[in-house]
Amino acid sequence: MDISDKCLNGNGVAKNGVFGEECPPVKPLSFIDQTLRVRADALCSLLRKKYSKDPSFYVRVPGRVNIIGEHIDYSGYGVLPSAIQHDMLLCVAVEDLGTSGKSPSIFLTNINDCYQDFKGSMDELVIQKPPSWHDYFLCGIHGILHDLKDEVAKEHIKEKKAVSSIYVAVDGTIPPCSGLSSSSSLVSAAALATAYAMKVKLSKLVLASISARTERNVGTEGGGMDQAIAFLASEGCAKLIEFNPLRCHDVRLPEGASLVVAHSLATINKAAGSEYNTRVVECRLAAQVIAKHQGFAWQKIRTLGELEAAVSKNVSKNDSLHCALSLVETELHEEPYSKEELLKLLDISEAELIKLSLNANTTHLQSFKLKQRASHVYQEAIRVLEFENECLKNLNVTAGGDYNSKKTLEKLGELMNSSHASLRDLYECSHPQLDQLVNLCQKKCFGARLTGAGWGGCVVALTTNSAADGFVEYLKENFYSSVKQLPTCSDKNSIVFRTNLECGAVVYDDDGKAPH
Ligand code: ADP
Ligand code: NG1
């Protein structure tokens, strides 16, 4: 049976060409550049040395920088990331077990000694919390084995899984725990590799959705931005990604604009702590408390986006965000809400609070800041719209010939600076070292802000093509010159760099016909 033919008609399974149904491209290995070739060769040698297997194919998934729209994806709001040159590269060998009687297994090794080898069974995927590196990989496999909606594809995967082992060597160049989405690139790469190994053709949108859902198995309630850009990115532009349903469109930055990413040298492993999930829960509670005051069925409301939709019908997006923001002003107080106050306000028991509002590692929380978090979310959602608008105005004016790019860059920079101030003061997810780096950047560029989850990690700064190299040198002299040690598992080339706006996930396979 040729599964790709059957899948063409399946619900949510890909055809090529039409947006929404387009699949990650499969390219011959000869398409890779010299740097990638060296890494692919090293992975191939590792795979042969460890497992005596030859590669069947390679998968490359980029990391990302989020330009604006931070901590709002899980409230349902649009974000503006772009893929970067740092990536997760996998070299994969698929073993067809046929009737050998061997049980289907997963073998993982990593080019970087920080990450220990792993062997597990395809039949029993145990994902630990907090996760080790291989747990992210298992999430990707889990998504494909257990989370497909299409019945034909599901049945096919079941048959294939019973007779396939996979051997994978991994090389990641995205600095880990630094807000550039190393974990989601790994999850997304694992999902794509599993689908390809099992010869099931899935669209970028389906892969992105499956990867976002399955990464939540490590315990963090992420919003889906990272996995979406990992698959949907296109070269040379940023993407405005929107949710429910997942969709995206290109956003062109002004001609001559350049983005520099710089590491604060502080890191945080999101899945090991509860900071991230606490913010998700504070946003949910803010939405639920306001919904209750307004007389809505608040138990059905899970996000600030859903609250906004409920309170403002038949008005423009911008007006409706302002309307939701004014409710935050009038309905919520500055002081943190205690658990007891919330139980009273929502008129529920502690068990109901856990069920309706909290998540796995937040049941211990006693105090919740609602007004500050919700104000950030609605204001940041407005900033994303304004940022895109400025880029669009700029494109239109450029086309007409009369255009002042400096003015546009200044406006975009101001929006990025305000975003940072809000993340630092209202959302409280920055870090003193990161604030110091942002201040340093802001003196020499149009605008700079924390990118990614925060509590450390990276800064994104807006500058121009002609100034970017000088700007990187300035940061090296003023921030990095006295650094003796890089963050664990990070490589010096990923500490401060000018970004290329890259394309999304790709499969490299010399035997191009193989699965498709
Ligand atoms: P990020 O913001 O980079 O996504 P997370 O804290 O969510 O940070 O995830 C970081 C985790 O991802 C690491 O602790 C590690 O388990 C995994 N990871 C990152 N890079 C690699 C890599 N090159 N190889 C294996 N695992 C990696
Ligand atoms: P990073 O920076 O990769 O930890 C996280 C979430 C995103 C988003 C940002 C903040 C995951 C996998 N990723 O990104 O969805 O909420 O924080 O904007 O949880």
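This passage describes the nonpolar cores, the surroundings of ligand 2, some backbone features and the contacts of one lysine in a predicted model.

In soluble globular proteins, nonpolar side chains tend to be buried together. In the present model, the largest nonpolar core comprises 155 residues, and within this core Phe137, Phe387 and Leu475 are the residues that touch the most other members. When neighbours within four places in sequence are set aside, Leu475 is found in contact with Val260, Ala262, Leu437, Leu440, Cys441, Tyr480 and Val496. A second core, separate from the largest one, is made up of 18 residues, among them Leu89, Cys91, Ala93 and Val506.

The surroundings of ligand 2 were examined next. A shell of 19 residues lies around this ligand, and the residues that come nearest are Glu70, His71, Asp73, Lys270 and Tyr276. Sorted by class, the shell holds 9 polar, 6 charged and 4 nonpolar residues. Helix 7, which spans residues 225-232, supplies 3 residues, the largest share of the shell. Several short distances between polar atoms can be listed for ligand 2. One of its oxygen atoms is placed 2.6 Å from an N or O atom in the side chain of Asp73, and a polar side-chain atom of Tyr276 likewise lies 2.6 Å from an oxygen atom of the ligand. A nitrogen atom of ligand 2, in turn, is found 2.8 Å from an N or O atom in the side chain of Asp226. Taken alone, ligand 2 would expose 450 Å², and the protein buries 97% of this area.

Attention then turned to the backbone, where two cis peptide bonds are described, each of them leading into a proline. The bond from Lys129 to Pro130 is cis, with an omega near -5 degrees, and Pro130 belongs to the loop that runs between strand 5 (118-121) and helix 3 (133-146). The bond that joins Asn244 and Pro245 is also cis, with an omega of about 0 degrees, and Pro245 is located in the loop between strand 7 (238-242) and strand 8 (247-251).

Asn244, which lies in the loop between strand 7 and strand 8, has a further backbone feature, namely a positive phi of about 55 degrees, although this residue is not a glycine. Asn244 counts as exposed because its relative accessibility, 68%, is over the cut-off of 50%. A positive phi is also present at Glu428, another residue other than glycine, where the value is near 50 degrees. Glu428 is situated in the loop between helix 14 (405-425) and helix 15 (432-442). With a relative accessibility of 33%, Glu428 falls between the cut-offs of 20% and 50%, and therefore counts as partly exposed.

Lys50 was considered last, and its place is in helix 2, which covers residues 34-51. This lysine is partly exposed, since its relative accessible area is 37%. Apart from residues up to four places away in sequence, Lys50 touches Thr109 and Asp117. With Asp117, the side chain of Lys50 forms a polar contact of 2.8 Å. Lys50 and Ile144, by comparison, are 94 residues apart along the chain, and their C-alpha atoms are separated by 26 Å.

Terms used. Residues numbered from 1 in each chain as written. Chains lettered and ligands numbered in written order. Predicted model: local features only at pLDDT ≥ 70, side-chain atom pairs only at ≥ 80, totals over all residues. Heavy atoms only, no water. Core = buried A, V, L, I, M, F, W, Y, C linked by side-chain atoms within 4.5 Å. Buried < 20%, exposed > 50% of the residue type's maximum accessible area, 1.4 Å probe, protein only. Contact = heavy atoms within 4.5 Å. Near = heavy atom within 4 Å. Polar contact = N/O pair within 3.5 Å; in protein donor to acceptor, adjacent residues only side chain to side chain. Areas by Shrake-Rupley, 256 points an atom, 1.4 Å probe, with all protein chains shown as cover. Helix = DSSP H or I, 4+ residues; strand = E, 2+ residues; numbered from the N terminus. Nonpolar A, V, L, I, M, F, W, Y, C, P; charged D, E, K, R; others polar.
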